[in-house]
Amino acid sequence: MSRHGSYSPAVGVVLALAAACAHAQTLSGAGTPVEAQHVAGDVYMLSGGGGANSSLLVTSSGALLVDSKSQEVTDEIIAIADELAGGGIRFLVNGHVHPDHTDGNENFGTLGVTIVGHEEIRQVLAAGQRGGPPSADEALPVLTFPDGGGLSLHLGDERVSIFHAPPAHSNDNSIVHYETSNVLHLGDLYGPSRYPVIAGGTFAGFIEAADIAVARADASTRIIPGVGGVADRRQLQAYRDMLVTVGQRVAELVGDGKTLDEVIEARPTRGFDEIWGAPDHRLFLPVVYAELSDQAASAD
Ligand SMILES: [Zn+2]
């Protein structure tokens, strides 16, 4: 599958830039090479290199990147785009604000790449994320859209639809639909092998976002997650159905007056852990429990 293995591109201005703005931060996968895998049409998935999966659209009119990975691998990404497209990266889309999706922004912005994303990404980066320093102006999206908004970009033969999804993983998460190539980049709105991480959004939003993505997909659609391998509509539907079932089980336990510990003890994810792993991270069941308890309380 992999048309491109690891890269050791020439050290140049980009690497110097990356070093100049380096700060202490370790992203998962840091130190591994960036790998490009052809997904469908003109779209590639970039894994490794520190940070979440990115996707790259390559056309004769230039390239578009979704999510910027670790700042240390900007030069690797550019080398891959150059080799595949013979042209530069013109647009960088941020699927959401978290560092594993935006760490490389400043490097790309400094090189004149137009950064696109929900307006809250701009606000959060400008203020400084997670107690960190404010990001440089070059790191900020310059084409933004509000809640419920979005835009379409036309590059080569591709129509790229970028639109805000219901708050799910984060408040500012978007879906990127490469309509011509029939690829959906869902980022952390979907995990083929990991339960949702609800880090600023809502559990209900995960189900809504999955419904929106399923409605846009057909049997040949390829789906790029933030973490994990390329998936299809059948897997996405199974994810959506899993969320609904887990939500129903937790709601029932909440209705019976169970505590969070009792809910976890009752294993509301039973039957699903073989695919999605241990449901033990604090941004899943505790958030589902809190959200459904609030709903039950407001319905009383
Ligand atoms: Zn995230």
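Strand 4 and strand 5 run parallel and are joined by 4 bridges. Within this pairing, Val66 has Val93 of strand 5 as its bridge partner. The structure described here is a predicted model, and this pair of strands makes a convenient place to enter it. On its other pairing, strand 4 meets strand 3 in the antiparallel sense, with 5 bridges between the two. A hairpin of 2 residues makes the connection from strand 3 to strand 4, and Thr59 finds its bridge partner in Gly62 of strand 4. Strand 4 is also mostly covered, with 4 of its 5 residues buried.

These strands belong to an open sheet of 7 strands, ordered 1-2-3-4-5-6-7 and mixed in its pairing. Strand 1 (35-40) and strand 7 (143-145) are the edge strands, and each of them pairs on one side only. On average, neighbouring strands of this sheet are turned by 20° against each other, direction ignored. Further along the order, strand 5 (residues 89-93) and strand 6 (residues 114-118) run parallel and share 3 bridges; here Phe91 stands opposite Thr114 of strand 6. Helix 5 (residues 119-127) packs on the sheet, where it touches strand 6 and strand 7, and its direction makes about 105° with that of strand 6. Another helix, helix 2 (residues 74-85), lies across strand 1, strand 2 (43-47), strand 3 (54-59), strand 4 (62-66) and strand 5. The angle between helix 2 and strand 3 is about 30°.

It helps now to step back to the whole chain. The chain contains 10 helices and 12 strands. Its radius of gyration is 19 Å, close to the 19 Å that the globule rule gives for 300 residues, so the chain is as compact as a globular protein of that length. Along the principal axes, the C-alpha atoms fill a box of roughly 60 × 45 × 35 Å. Buried residues make up 47% of the 300 residues of the chain. Of the contacts between residues at least 6 apart in sequence, 64% join residues at least 24 apart.

A further open sheet holds 5 strands in the order 8-9-10-11-12, again with mixed pairing. Strand 8 (150-155) and strand 12 (222-225) stand at its edges with a single partner strand each, so one side of each is left without a neighbour in the sheet. Neighbouring strands of this sheet are turned by 15° against each other on average, with direction ignored. Strand 12 pairs with strand 11 (residues 183-187) in the parallel sense, over 4 bridges. Leu184 has Ile223 of strand 12 as its bridge partner in this arrangement.

Leu184 appears again in the surroundings of Ala213, which touches Ile175, Leu184, Leu186, Tyr190 and Leu236, leaving aside residues up to four places away in sequence. Ala213 itself is among the residues with the most contacts inside the largest nonpolar core, together with Leu56, Leu57, Ala63, Ala81 and Leu92. This core has 73 residues. Helix 7 (residues 233-255) supplies its largest share, 7 residues.

Towards the end of the chain, Tyr289 has its place in helix 10 (residues 285-299). Tyr289 has 23 C-beta neighbours inside 10 Å and therefore counts as buried, the cut-off being 20 or more. Setting aside residues up to four places away in sequence, Tyr289 touches Val250, Val254, Leu260 and Val263. A separation of 9.2 Å lies between the C-alpha atoms of Tyr289 and Leu253, which are 36 residues apart along the chain.

A word on confidence completes the picture. The pLDDT of the chain averages 91, and 91% of the residues score at least 70. Residues 1-25, however, have a pLDDT below 50; beyond near neighbours in sequence, this stretch has 38 contacts in the model. Where pLDDT is low, the predicted coordinates should not be read in detail.

Methods. Residues are numbered from 1 along each chain as its sequence is written. This is a predicted model: local features need pLDDT of at least 70, side-chain atom pairs count only at pLDDT 80 or more; totals for chains, interfaces and linings use all residues. The radius of gyration is taken over C-alpha atoms; the globule rule is 2.2 Å times the number of residues to the power 0.38. A residue is buried if 20 or more other C-beta atoms lie within 10 Å of its own, exposed if 12 or fewer, and partly exposed in between; C-beta atoms are placed from the backbone. Two residues are in contact if their C-beta atoms, placed from the backbone, lie within 7 Å. Two strands pair if DSSP finds at least two bridges between them. Axes are lines fitted to C-alpha atoms, for helices over the stretch in contact, and angles run from 0 to 180 degrees between N-to-C directions. A nonpolar core is a set of buried Ala, Val, Leu, Ile, Met, Phe, Trp, Tyr and Cys residues joined through C-beta atoms within 7 Å. pLDDT is the predictor's confidence in each residue, from 0 to 100.
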